[in-house]
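Me: I am new to this structure and should be grateful for a close look at one part of it. Please describe how its strands are joined to one another, and then what surrounds that arrangement.

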Amino acid sequence: AGGAARQEMRLALSGKGYRFRFAGAFDDGVLKVSEAFARAGRSQVAARGVIALDEQKAFTLNGRLTEFDPAQFSKYPRARINGHFKAKGEVSPVMQVAADLRMLDSELFGLPAAGSGTLRSRRLDQPDVAVDVSARVGNTRAVIKGTLRDPAQLRALDLRLSLEGASLADLYPIIGVPLPPTPAYRIRGQLLHRDALWELREFSGIVGGSDLAGDFRIDRSRDPQSRRADLTSQRLDLADLATPYRVARSEE
């Protein structure tokens, strides 16, 4: 309904296993979405916001995820996400965003999960986004700060990572790389990712009673994928690692 200056639209679709609703108005070059709702199975996503349909396409968006499973909407790993988000920014000439995220009572990689964080564009002439996120997945706790390079492609990361948990073996469901069972650990380092190459550079930390520092590299372009760790230690108990990684230097 509407006239030349303002148009309003309401839409409702439903079928076996899904439901979709939309309500919005186009007024003076601005699209105001009062409701956008989608449900597939138990997964729900609801949002509302405003986008200017001019050259820059400035936007604001607020939304909530309820029992959200990405696998219900496309070919993504199964999950169960409950949380909310808010974002603002502009699409052109370079994507800019400022977003706040929060996840509660959720499940990722088959493990209980919760977390919160922020995303902030760094510069007006580049799409790089600053990340500040803290999360817990199972017994693993992580704090991530750094930069997503061109987040639309998600091919490169440059992040400062703090990681701690009950055992390095607990990381396998999360990163898909088998690591040995270990005592409790706490590690900090620079996480770099480009295409199929992942590197944890200049990390340091504690695994059980041992201190470790060095570089860890995974190349997932190979079959089987290759791993390499160059480690140094001032106090090393090989039982803490239980793995044939090459130790470059040890004082004990």
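Reply: Strands here are DSSP runs of E with at least two residues, numbered from the N terminus, and two of them count as paired if DSSP finds at least two bridges between them. The model is a predicted one.

The account may start with strand E9, residues 129-137, which runs antiparallel to strand E8, residues 111-121, and is joined to E8 by nine bridges. Within this pairing, Ser116 has Ser134 of E9 as its bridge partner. Strand E10, residues 140-149, also runs antiparallel to E9, and nine bridges join these two strands. Here Ala135 is found opposite Ala142, a residue of E10. E9 and E10 form a hairpin with two residues between the strands, in which Gly138 adopts a positive phi near 60 degrees.

From the hairpin one may turn to the interior. The largest nonpolar core has 29 residues, and those that touch the most other members are Tyr185, Leu200, Phe203, Leu212 and Phe216. Both E9 and E10 are among the elements that give two or more residues to this core, together with strands E7 (96-108), E11 (156-165), E12 (185-194), E13 (197-207), E14 (210-219) and E15 (226-233). E11 provides the largest share, namely four residues. Around Leu212, when residues up to four places away in sequence are not counted, the residues touched are Phe203, Ser204, Gly205, Val207, Leu231, Thr232, Ser233, Leu236 and Leu241. Another core, of eight residues, lies apart from the largest one; Phe68, Ala79, Ile81 and Ala113 are among its members.

Two residues in other strands show a further setting. Glu35 belongs to strand E3, residues 30-40. Because its relative accessibility is 25%, Glu35 counts as partly exposed, since that class lies between under 20% for buried and over 50% for exposed. Setting aside neighbours within four places in sequence, Glu35 is in contact with Arg21, Phe22, Ala23 and Ala47. Its C-alpha atom is separated by 7.2 Å from that of Ala46, which is eleven residues apart from Glu35 along the chain.

Leu13 is placed in strand E1, residues 6-15. With a relative accessible area of 42%, Leu13 is likewise partly exposed. On the surface, Leu13 joins Leu11 and Tyr18 in a nonpolar patch, and the three together have about 260 Å² of accessible area. As a general point, the side chains of a regular strand alternate between the two faces of the sheet.

Conventions. Residues are numbered from 1 along each chain as its sequence is written. This is a predicted model: local features need pLDDT of at least 70, side-chain atom pairs count only at pLDDT 80 or more; totals for chains, interfaces and linings use all residues. Side-chain values use heavy atoms; hydrogens and water are left out. Patches are made of residues with over 30% relative accessible area and no salt bridge: like charges are joined within 9 Å, nonpolar side chains (Val, Leu, Ile, Met, Phe, Trp, Tyr) within 5 Å. Accessible areas come from the Shrake-Rupley method with a 1.4 Å probe; for residues, only the protein chains shown count as cover. A salt bridge is a side-chain nitrogen of Lys or Arg within 4 Å of a carboxyl oxygen of Asp or Glu. Buried means under 20% relative accessible area, exposed over 50%, partly exposed in between (1.4 Å probe, protein chains only). A nonpolar core is a set of buried Ala, Val, Leu, Ile, Met, Phe, Trp, Tyr and Cys residues joined through side-chain atoms within 4.5 Å. Contact means heavy atoms within 4.5 Å.
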